[in-house]
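Got a protein model open and not sure where to start looking? Let's take a walk through this one together.

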Amino acid sequence: MTVPLRAAIIGTGAIAHAHAEAIAALAPRIELAAVVDVDVDRARAFADRFGAAAVHGDVDGLLAERPDLVHICTPPQTHVPLAIRALRAGIPVLVEKPTALSLAEMDELVTVARETGVPALTVFQHRFGDAAQRLMRLRDEGVLGRPLVAVCETLWYRSADYFDLPWRGRWDVEGGGPTMGHGIHQFDLLLAVLGSWRRVSAVAARQALPTDTEDVSMALVEFDSGALASVTNSIVSPREVSRLRFDFEHATVEVEHLYGYTDADWTLTPAPGHEHLAERWSAESSAADAAATSSHTSQLGAILDAFATGREPGVAADDARRTLEFAAATYASAFRGMPVRAGEITADDPFYRSMDGGAVPWPAVKGATA
């Protein structure tokens, strides 16, 4: 690859700004070479703001430029089709969450990534903050002991007008509610720390908002390690907070933040006799960049490091599939009223083809997709 790497962004809506800011923060290792949007005027304004060299009105023109990395920042129903076009052109992609609207779509993306050998990556930036990386190192060393209990809470608030955009709140174009679009970052980090999950028992409801999807879900999770966790995803919670707590045999490690954490948001509380773990955590935290957040910049920086050294960058499609399967299992368990085991949602299951599984117990309230 050339230096600097040439990045392109498809879709210049709100989340694209985080991608462009990450690219700018990592200069001169990477530069924004081109953007594309169905709204060409918006694309031009975006390009002027972030210094993109070229503006395109269609994806074909952008792919013809052969960028080194394509950032896909469009509404969710377009993620997989656009990603596959880039992969077949030999160009790696970084896709906003949710990667796909269903396990069927996700498996199509995984297949194309394997066939082409081109990376298909998902934005799960909370894995890449300094403290999360430290936690996973300590876990791998075994010094924390066995994981026992965990709590994962995404308690956010969205008003009714949030759903004025026609694609929001629809199963067919957004994929789901806070389980897919909000809490997924938190429980992705939960899964990254605790590993393979075994069984999910969940409930979901539309409590207050004008959406076809849920506005809250709650799940109890059993992991292969024997650890137990609770997961809450809500957009009806006025005091917003994002919280993760991991109780290991020898220490509790927890973080409380909102949309991105720094090292200061994390604490480690040792069990009696393991005070050295707190001392080590404090020492390594002091050596970290105190202002660094778990942001698109941290993940993109890790991707650039992987490209430079020939390693597989994260989060690859195979890995992201596990997180999407967890979301599908949450919905399947909630709407069927029974636990769902990992691997149980296969190609003949309605929840393999869509997150609602044709089993949503409340009536739709959204109009037809524009």
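What follows is a short tour, from the sheet and its helices to a few odd spots in the loops.

Before we set off, keep in mind that this is a predicted model.

Let's begin with the sheet. It's an open one with 8 strands, and if you read across it you meet them in the order β13-β12-β11-β7-β10-β9-β8-β14, with mixed pairing. At the edges sit β13 (266-270) and β14 (340-341), each of which pairs on one side only.

Now zoom in on two strands of that sheet, β9 (residues 216-223) and β10 (residues 228-234). They run antiparallel and are joined by 7 bridges. If you'd like one pair to find on screen, try Ser217, whose bridge partner in β10 is Asn233.

Next, see what packs on the sheet. Helix α12 (residues 317-336) touches β8 (197-205), β9, β10 and β14, and its direction makes about 55 degrees with that of β8. Then there's α10, which lies across β12 (251-257) and β13 and runs at about 160 degrees to β13.

Stay with α10 for a moment, since it has a helix to meet as well. Helix α10 (residues 275-287) packs with helix α6 (residues 130-141) at an angle of about 140 degrees, and the two axes are 11 Å apart. The crossing of α6 past α10 is right-handed. Who's touching whom? On the α6 side the contact is made by Ala131, Arg134, Leu135, Arg137, Leu138 and Glu141, while α10 brings Arg280, Trp281, Glu284 and Ser285. Sort the residues of this contact by type and you get 4 nonpolar, 1 polar and 5 charged.

Time for the loops, where the backbone does a few things to look out for. Which peptide bond is cis, with omega near 5 degrees? That's the bond from Ala27 to Pro28. You'll find Pro28 in the loop between α1 (14-25) and β2 (30-36). Another cis peptide bond joins Lys97 and Pro98, this time with omega about -10 degrees. Pro98 has its place in the loop between β5 (93-95) and α5 (103-116).

One last stop: Arg66. This residue isn't a glycine, yet its phi is positive, near 60 degrees. Arg66 is in the loop between α3 (59-64) and β4 (69-72). Why does Arg66 count as partly exposed? Because its relative accessibility is 45%, which falls between the 20% limit for buried and the 50% limit for exposed.

How values were computed: Residues are numbered from 1 along each chain as its sequence is written. This is a predicted model: local features need pLDDT of at least 70, side-chain atom pairs count only at pLDDT 80 or more; totals for chains, interfaces and linings use all residues. Side-chain values use heavy atoms; hydrogens and water are left out. Helices (H or I, at least four residues) and strands (E, at least two) are DSSP runs, numbered from the N terminus. Buried means under 20% relative accessible area, exposed over 50%, partly exposed in between (1.4 Å probe, protein chains only). Axes are lines fitted to C-alpha atoms, for helices over the stretch in contact, and angles run from 0 to 180 degrees between N-to-C directions. A crossing is left-handed if the near helix is turned anticlockwise from the far one by less than a right angle, and right-handed if clockwise. Contact means heavy atoms within 4.5 Å. Ala, Val, Leu, Ile, Met, Phe, Trp, Tyr, Cys and Pro count as nonpolar, Asp, Glu, Lys and Arg as charged, and the others, Gly among them, as polar. Two strands pair if DSSP finds at least two bridges between them.
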